[in-house]
Amino acid sequence: MQRNLIQFARYLLVGGLTYGADLSVFLLLFNVFGMDLLLANMISKVLAGVFSFAAHRAFTFGVTDAKGRAQQAVRYFTLLALNIPLSALILSAMLWITSMEIVAKILSDVLLVFISYAQSKLIVFKRNETSHE
């Protein structure tokens, strides 16, 4: 149980760092280099996703070998792509519960954190496929 709590805390830490990297790259590209808003957002999301995959693999889930890295990356980015519409669906459902958009957004994001953690743990970085610390 304690190991799972530590792992989840690491997941949240990496998530926070990922968001910081995403926002920083976006602001740099958009504000400093004058890049188109949507292009800057897309580039920052891709770079943040690459960072997130590597950090979760090594730090959160302690995967130490190169075996299966490509398969894990495919699963990770496939789930990331699927979670975008899932996020919209959950947000829409939350808006049925509350008319306050910010509350709905926060509730849906919190729920998605738990969903994406479970996906990462059970699908992307499955213990029986990889060497862990």
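Let us begin with Asn 83, which has its place in helix α3. The model before us is a predicted one. Is Asn 83 buried or exposed? With a relative accessibility of 11%, Asn 83 counts as buried, because the cut-off for that word is under 20%. Which residues does Asn 83 touch, once those up to four places away in sequence are set aside? They are Leu 112, Ser 116 and Gln 119.

A second residue of helix α3 deserves our attention, namely Leu 79. Leu 79 is buried as well, and its relative accessible area is 14%. Leaving out residues up to four places away in sequence, Leu 79 touches Gln 119, Ile 123 and Val 124. Please also look at Leu 79 together with Ser 120. These two residues lie 41 residues apart along the chain, yet 8.7 Å separates their C-alpha atoms.

Let me now place these residues in the whole chain. How many helices and how many strands are there in the protein chain? There are four helices and zero strands. Read from the N terminus on, the order of elements is therefore simply α-α-α-α. The protein chain has 133 residues, and 32% of them count as buried. Along the principal axes, its C-alpha atoms fill a box of roughly 40 × 40 × 25 Å. One further value concerns contacts in the protein chain between residues at least 6 apart in sequence: 65% of these join residues at least 24 apart.

We turn to the packing of the helices. Two packed helices are described by the angle between their axes and by the distance between the axes. I shall take three pairs in turn.

The first pair is α3 and α4. Their axes are 9 Å apart, and the angle at which they pack is about 150 degrees. Why is α3 called roughly antiparallel to α4? The reason is that angles over 145 degrees count as roughly antiparallel, and the angle here is about 150 degrees. The crossing in which α3 passes α4 is right-handed. Which classes of residue make up the contact of α3 with α4? It consists of 14 nonpolar, seven polar and three charged residues.

The second pair is α1 and helix α2, the latter comprising residues 37-60. Here the packing angle is about 155 degrees, and the axes are 8 Å apart. α1 and α2 are therefore roughly antiparallel to each other. Their crossing is right-handed. In the contact of α1 with α2 we find 16 nonpolar, eight polar and three charged residues.

Thr 18 may serve as an example from helix α1. Thr 18 has a relative accessible area of 13% and is buried. Not counting residues up to four places away in sequence, Thr 18 touches Ala 48, Phe 51 and Ser 52.

The third pair is α1 and α4. These helices pack at an angle of about 115 degrees, with 11 Å between their axes. How, then, are α1 and α4 oriented to each other? They are roughly perpendicular, because the range for that term runs from 65 to 115 degrees. α1 passes α4 in a right-handed crossing. On the side of α1, the contact is made by Asn 4, Gln 7, Phe 8, Tyr 11 and Leu 12. On the side of α4, it is made by Val 113, Phe 114, Ser 116, Tyr 117, Ser 120 and Lys 121. By class, the contact of α1 with α4 has six nonpolar, four polar and one charged residues.

Finally, we come to the core. In soluble globular proteins, nonpolar side chains tend to be buried together. Which residues form the largest nonpolar core of this model? There are 11 of them: Phe 8, Tyr 11, Phe 53, Phe 61, Val 63, Ala 73, Tyr 76, Leu 79, Tyr 117, Val 124 and Phe 125. At least two residues of this core are supplied by each of α1 (2-32), α3 (69-97) and α4 (101-124). The largest share, three residues, comes from α3.

Val 124 is one of the residues of this core. Among residues more than four places away in sequence, Val 124 touches Gln 72, Arg 75, Tyr 76, Leu 79 and Gln 119. Here we meet Leu 79 again, a residue of helix α3 and a member of the largest nonpolar core.

How values were computed
Residues numbered from 1 in each chain as written. Predicted model: local features only at pLDDT ≥ 70, side-chain atom pairs only at ≥ 80, totals over all residues. Heavy atoms only, no water. Core = buried A, V, L, I, M, F, W, Y, C linked by side-chain atoms within 4.5 Å. Buried < 20%, exposed > 50% of the residue type's maximum accessible area, 1.4 Å probe, protein only. Contact = heavy atoms within 4.5 Å. Axes fitted to C-alpha atoms, helices over the stretch in contact; angles between N-to-C directions. Parallel < 35°, antiparallel > 145°, perpendicular 65-115°, else oblique. Left-handed = near helix turned anticlockwise from the far one by under 90°. Nonpolar A, V, L, I, M, F, W, Y, C, P; charged D, E, K, R; others polar.
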